[in-house]
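Subject: Structure handover and notes

Hello,

Here is the structure I said I would pass on. My notes on it come after the file.

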Amino acid sequence: MARWTKIIVYLLLVTAHLFVAAVSQYRDRESLCESRQTCASCLQTPRCVWCSMTASTQNVNAPLLRCVSKQTYLKEGNFWCQPSAVIDHENTMDILENQQLSSIKGKDPVQIQPQRIRLRLRSGEEYRVTMKYGQAEDYPVDLYYLMDLSASMEPYRDKLSKLGLQLAKAMQKLTSNFRIGFGSFVDKVVLPMTSTQPDKLESPCILKTGRPCAPPYDYKNQMPLTENVALFEDQVQAAPVSGNLDGPEGGLDAMMQVIVCTKEIGWRQKARHLIVFSTDAIFHIAGDGKLAGIVEPNDCKCHLDENGFYTYSLLQDYPSISQLNRKAREHNMNIIFAVPDHKNATYQRLSRSISGSSTGTLENDSQNVVALVSSEYEKLVDSVTIIDTAPKIIDVKYFSRCLNKTGELLERQECEGLRVGNIIEFEIVLKVVECPKDPKDWYQTMEIKPRGLNESLTIDLEIICDCPCEKSGHLGYQPNAIECKGKGTSVCGVCSCNSGFYGKQCECEGSDIGADKLNSMTDCKPDNHTVEICSGHGTCKCGVCDCDKRPNNPQELFYGKYCECDNFSCKRSGGQVCGGRGKCECGTCNCLPGWGGETCDCKETNNTCIPPSGENVEICSGRGNCICGSCHCHERDNIRYSGQYCEECPTCPGQRCEELKDCVECVAYNTGPLAENGKCDLCMHEIDIVDIVEEDPTKNEEADARICRTPGDAGCTFVFKYQYHRAGTGGDIKIFKIQAEQERACPTPINVFGVALGVVISTVIIGFLILLIWKILTIIHDKREYAKFEKERALAKWDRGENPLYKQATSTFCNPTFQEYARN
């Protein structure tokens, strides 16, 4: 009975807490609406409605408050405002183009549905749109092979020319609508990138065949996209090999031209665009051109002449990585960096900064280029990632079940494992963060599309930021209105007084003493029980509160009908109002997209709690709860999970330790399987060698660090500590920061003869000692017994009368008949 009583009490407390929270939230919303004094500001506040009744039509039921919450309006209805005077714009959607998904050979495929919609949205309110994606069969592919043709890449070129036909056949197995192109690059022909001596300008190097190099150049489009595979082989073999002075090459110059020169390269609009970038060197970036006196930034435009040469090489600097990323997104480019093993780490870091790019390793002078390009293309078409061109004022979130139609709707932009015929639905949540100040920005056009494809959902968006009655010509806009005493304009039921007049009906002028009348004062208080005028933050002038301004900070304001609101008294986080991630509105934080909580320090997304690019799409790997965008892991069956996605189990044997041991052993001690194959460069983790790994449980828990003791080669055991450092390529490779002890604990070699001899000698000695000890103990025992005997013998007192065995030698008998007196 007592147990059920506790449960009932607990449920009542929880219910009461939820009720109080709901009431508090309702009051916050109500206060926020009530503080709005114009129709535009009311509609720019989520879930608020405005009453535009004029003073001439007001009666006893006339509203005291112009702006209230939608909940209050639905509750009070006509008692608050006449329905015809209520201004409440709802979010609406009109579908303008909605072709069905199709994949018919010979016709343009349709992979996105719908194709165009029109939205009218209010600020701060979410609206959901459903978009379908279906992968088309035999979708066209344009592949452009961009190759570094400095002298060191000559073997790769020769191999590629022989593999051109194989590459085309491999791609034609994936799609019959395939075209291929080829271009080459070296570097800018200027010091210090390239030697400018007259003889070096003719031939900067000697090839391995003994022939001189071709004159240096920056980039040349050797062959636009074509279906003629034989021409590709010829052009690759005929491409000139040249040379330069420094180590980095001008690859980014070439890549920018390949991306933006749509007509010259021959990119088709309805095709998947692939660039295979092959080099064995690093690259120059923006700013390096200053070494040669080139200070003009790259303009991201096409500058190819009729022969395909880049003509602005000496006029513009190299492009920046962000410029390449932006242009790659705009032109739907998928880039594959095909580089040798020793440059793989560099281009993986570059790949993380360019949307839609990946990295592969060239082997044996490009022998595996066919398999590399085919596999990377299959990865592209087997997954879909949704991107958008939304401006900053529009917050966009994506939710999908991917291929699991009955699964949980999760926040994610990417789905994997797709095949032709699969249809994926994405639920798109759009939210206008704030109304732009410029009315021209109230009309926006944005696209939502799969990365790398030209098809998209186009959204014509109108942001509702004002009221029709605020515009001249509307019935609610009356200059010199009667209800404003002819001294102001009636705008949506509220008087906007002319210069020099003020008051609810513009009845006061200048320093009218009517401002101090008692009946005017009552209009500056919410009710008769309130003592303070204008909440103590303003001056009552003719029945209207004129709110004070903070002298120390003009950005901090009081506002509202009774100056009851401000923009600075919200809770703080990190020393900033609303944590610096939101606006303080009437004591409540209006957080920026993606943030929530009382101080806007809580991430409102589960996306950061789902392991990226993995089979496990459960939130926190199914072992924890996602709170404020971070996983809070559970403890089950005395097993405590940890890690960014609760994927680690420190008490479970060998989870990350086994995964990292080969890299640590290779880098720290030059032993192990990776060292034997000379592949220590494959380890991308940051590994430091220290004398002793510090084992402080408190510090390790704070830093989310783990200690590993694991066996290695030759029976040696080594100790290292690891912790997360940064995310890896595409989010699917985790980079760890590792500290490894300098010395391993290795066993000393065993001396068999010495051990055997030691065993024999120790056995003899131990046996002798045992005998000696036994003999000594025996002697001691005998001595003690003898002494005891002697002592007892000395103390013994012999008495024959007392000895029952003693018998005298004579016997005495008494004759009963013998008389004593007769003898006398």
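The notes below go from the whole chain to the cores, the rings and two local spots.

Please keep in mind that this is a predicted model.

Overall figures

The chain has 824 residues, and 43% of them are buried. Its secondary structure amounts to 17 helices and 43 strands. Among contacts with a separation of 6 or more, 61% are between residues 24 or more positions apart. The accessible surface of the chain is about 45,300 Å², with 53% of that belonging to carbon and sulfur atoms.

Nonpolar cores

In soluble globular proteins, nonpolar side chains tend to be buried together. The largest nonpolar core here has 38 residues. Those that touch the most other members are Leu 143, Tyr 145, Met 147, Met 171, Phe 182 and Val 369. At least two residues of this core come from each of strand 8 (141-148), helix 4 (154-174), strand 9 (178-185), helix 6 (229-238), strand 11 (272-278), strand 12 (333-340) and helix 11 (369-381). Helix 4 gives the largest share, seven residues.

What does Phe 182 touch, once its neighbours within four places in sequence are left aside? The contacts of Phe 182 include Tyr 144, Tyr 145, Met 147 and Leu 149, and also Leu 160. Further on in the sequence, Phe 182 is in contact with Asn 221, Gln 222 and Met 223, then with Phe 232, Gln 235, Val 236 and Ala 239.

Another core, of 34 residues, lies apart from the largest one; Ile 393, Cys 415, Leu 430 and Cys 435 are among its members.

Rings

There are 13 aromatic pairs in the structure. One of them joins Tyr 669 and Phe 718, with 5.5 Å from centre to centre and 55 degrees between the planes, which makes the pair tilted. Tyr 669 belongs to helix 13 (residues 656-669) and Phe 718 to strand 42 (residues 717-727), so this pair ties together parts that are 49 residues apart in sequence. Tyr 669 and Phe 718 are both buried.

Phe 718 also pairs with Phe 720: the ring centres are 6.0 Å apart and the planes meet at 25 degrees, so this pair is stacked. Phe 718 has 0% relative accessibility and therefore counts as buried. Phe 720 is likewise buried, with a relative accessible area of 0%.

Elsewhere, ring pairs link Phe 185, Phe 277, Phe 283, Phe 337 and Tyr 347 into a cluster.

Two charged residues sit over ring faces. Arg 128 is over the face of Phe 399, 5.6 Å from the ring centre. Lys 188 is over the face of Tyr 318, 4.6 Å from the ring centre.

Two local spots

The first is Ser 383, in strand 14 (residues 383-388). Is Ser 383 buried or exposed? Its relative accessible area is 18%, and buried means under 20%, so Ser 383 is buried. Not counting residues up to four places away in sequence, Ser 383 touches Glu 414, Cys 415, Glu 416 and Leu 418. Cys 415 is also one of the residues in the core of 34.

The second is helix 9 (residues 321-330), where Gln 323, Leu 324, Asn 325, Lys 327 and Ala 328 are the buried residues. Helix 7 (251-260) and strand 12 are included in what covers them. Asn 332, just after helix 9, has a positive phi of about 55 degrees.

Regards

Technical notes
Residues are numbered from 1 along each chain as its sequence is written. This is a predicted model: local features need pLDDT of at least 70, side-chain atom pairs count only at pLDDT 80 or more; totals for chains, interfaces and linings use all residues. Side-chain values use heavy atoms; hydrogens and water are left out. A nonpolar core is a set of buried Ala, Val, Leu, Ile, Met, Phe, Trp, Tyr and Cys residues joined through side-chain atoms within 4.5 Å. Buried means under 20% relative accessible area, exposed over 50%, partly exposed in between (1.4 Å probe, protein chains only). Helices (H or I, at least four residues) and strands (E, at least two) are DSSP runs, numbered from the N terminus. Contact means heavy atoms within 4.5 Å. Accessible areas come from the Shrake-Rupley method with a 1.4 Å probe; for residues, only the protein chains shown count as cover. Rings of Phe, Tyr and Trp (its six-membered ring) pair if their centres lie within 6.5 Å; planes under 30 degrees apart count as stacked, over 60 as edge-to-face and the rest as tilted. A charge sits over a ring if NZ of Lys or CZ of Arg is within 6 Å of the ring centre and within 35 degrees of the ring normal.
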